[in-house]
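Here is a short report for a reader meeting this structure from scratch. Keep the sequence and the 3D view open while reading.

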Amino acid sequence: MYQRRWLIFTVLNIFTFMGTLDASIVNIALPTISKQLGLAFASSQWIVISYLLTICTVILFFGKLGDMFGKINVFKWGSVLFIIGSFLCGLSNSLSLLVISRIVQAIGAAMTMANSQGIVTEIFPVKERGKALGLIGTFVSLGSITGPSLGGIIISSLGWEYIFWINIPIGLIAISLAWKILPKDVTITKTKIDVAGSLLFSFAIILFIGGLLLGQQYGYTNWLIIISIIIGMLTFISFIIVEHRKESPMLELSIFKNPLFSVSIFCAFIVFIANFCFNILSPFYTQDILGLSALHSGYILMLFPITMAVVAPISGALSDKISGQAITFAGLLVMIVAQIGLTLLHEGSTLTSLALWIIMLGASSGLFQSPNNSLIMSTVERKQLGIVGSINSLVRNLGMVVGISLATSILFSVMSMKAGYRVTALIPGRPDIFLSGMHVVFLVSSSLCFIGLLLTGWRYATSRKAEAKKVRNAS
């Protein structure tokens, strides 16, 4: 096995970190960018939307491309494109240029995200795979959660352009290392590009996810948004039908016949929804309800990624020795307790109680992510690692989008009912209305985690029975 695998792993995860960081770091910069470029708030949202939509649209395609032409080749050129996109973002002096640059950046990010897990699975032996894949989960969560706090520091000291330009020196070092140490691809599948499947999937994602994102701004009663979501769903059904009939489809639907894979990928989706419900609401709670400054809010919210960074490698290493399914079950159980704990927060909650629930949430994510990633990647053949890695990354990004949409939709719906009129922002002097909405959001996210817990428990019990049956047959 590769002697420099941990150095290779570090290079891969530099781009994993930067790609997920750029999905969240821009949010805190939107007010500054809007002011300097003279943009309306609704228009500035496209700076974020264009990035997430592009990744969701093309990530499966690049996973398939990695299986066909080499995961390492696609990763290398994706890292170059990501740096070029980052450079162009910082130079942009209009919304149109910035959105185009963000699309370039997102394509590069998708190329790296789609193939990094497959590369790690190939270069690490089975006994170290859980630990390595667990650390990927750490880098993903660090990038996602540290975005707002790191972005605030960069903007206040250097300017908004540097939230993009900071990628350049780090990326150039990683690229130079990548060209020297990344090995040649060993697993390449000879097949054709599924043009019909790629186009149908792209349209489905753009229409459906675009409708969800725009629904946050304009409400889900807008008939254009309703039509967009419905057509997106119908297009996705067409995509499934086409893929089922193809000889060489972009997405091998047979993968989902494996219950271990399907349950693992669905639970990953649920966890990212739950985490991003917390991610979108926690800054409002800490700053507007508890009255913390942006800096102090950032400090306390950093407990999530710090705790996860500590727990994830440990749970990954444990999953190499004991059942990863048992660890994911424990992670979801702790996550439910943490989510319910968040519903107990109020205007007079102490920082100690808030810190306790944040630490529990970070620990539960660390417990869950590492073994779950290992379970996902260990259920398929080597020739499918690229597409499976891209499915995992797609689920992560979809979880971000759905989590944000779900949290804001529930929050403002509950707030509107309490206020007696349509609400799309916090109401000054009425923290009780915000807290009512926040509590409902966390009850919903804890319910989703409970569904994941039941599925994980069923999966674990089924696999234990199958193992016991094998032992009996052998004896």
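The report below goes through open and enclosed spaces, one phenylalanine, one helix and the cysteines. The model is predicted.

**Enclosed spaces**

Four cavities of 30 Å³ or more turn up in a search of the whole structure. The two largest are described here, together with the second largest pocket. The table sets out their volumes and the classes of their lining residues.

| Space | Volume | Lining by class |
|---|---|---|
| Largest cavity | about 80 Å³ | four nonpolar, five polar, one charged residues |
| Second largest cavity | about 50 Å³ | eight nonpolar, one polar, no charged residues |
| Second largest pocket | about 560 Å³ | 21 nonpolar, one polar, no charged residues |

Ten residues line the largest cavity. Nearest its centre lie Phe272, Gln369, Asn373, Asn392 and Arg396. Four helices each supply at least two residues of this lining: α7 (126–157), α12 (259–289), α16 (351–377) and α17 (385–419). Helix α7 gives the most, with three residues.

Which residues line the second largest cavity? They are Phe278, Leu281, Ser282, Tyr285, Leu342, Leu345, Leu354, Met438 and Phe442. Helices α12 and α18 (431–474) each supply at least two residues of this lining. The largest share is four residues, and it comes from α12.

**The second largest pocket**

The second largest pocket is lined by 22 residues. Phe201, Ile205, Phe236, Leu394 and Leu398 lie nearest the centre of this pocket. The elements that give two or more residues to the lining are α10, α11 (223–245), α12 and α17.

**Phenylalanine 201**

Phenylalanine 201 deserves its own look. Its place is in helix α10, which runs over residues 195–218. Is this residue buried or exposed? Phenylalanine 201 counts as buried, because its relative accessibility is 3% and the cut-off for buried is under 20%.

What does phenylalanine 201 contact, leaving aside neighbours within four places in sequence? The partners are Cys56, Thr57, Leu60, Phe236, Phe239, Met250 and Leu394. Two of these names, Phe236 and Leu394, also appear among the residues nearest the centre of the second largest pocket. Threonine 235 stands 34 residues from phenylalanine 201 along the chain. Even so, the C-alpha atoms of phenylalanine 201 and threonine 235 are separated by 7.5 Å.

**Helix α9**

Helix α9 covers residues 167–181, 15 residues in total. At 1.5 Å a residue, α9 should span 21 Å. The C-alpha atoms at its ends are 20 Å apart, so the two values agree. Which residues of α9 are buried? They are Asn167, Ile168, Gly171, Ala174, Ile175, Ala178 and Ile181.

**Cysteines**

How many disulfides does a search of the whole structure find? It finds zero. Cysteine 267 shows why no bond forms at its own sulfur. The closest cysteine sulfur belongs to cysteine 449 and is 9.3 Å away. That is too far for a bond, because a disulfide needs sulfur atoms within 2.5 Å.

Cysteine 267 also counts as buried, because its relative accessibility is 1%. Cysteine 89 is at 0% relative accessibility, so it counts as buried too.

Key: Residues numbered from 1 in each chain as written. Predicted model: local features only at pLDDT ≥ 70, side-chain atom pairs only at ≥ 80, totals over all residues. Heavy atoms only, no water. Buried < 20%, exposed > 50% of the residue type's maximum accessible area, 1.4 Å probe, protein only. Contact = heavy atoms within 4.5 Å. 1 Å grid on protein atoms, 1.4 Å probe; cavity = no way out; pocket = protein on both sides within 12 Å on 5 of 7 lines; lining within 4 Å. Points joined across faces, edges and corners; volume = space filled by probe spheres on them. Nonpolar A, V, L, I, M, F, W, Y, C, P; charged D, E, K, R; others polar. Expected span 1.5 Å × (residues − 1).
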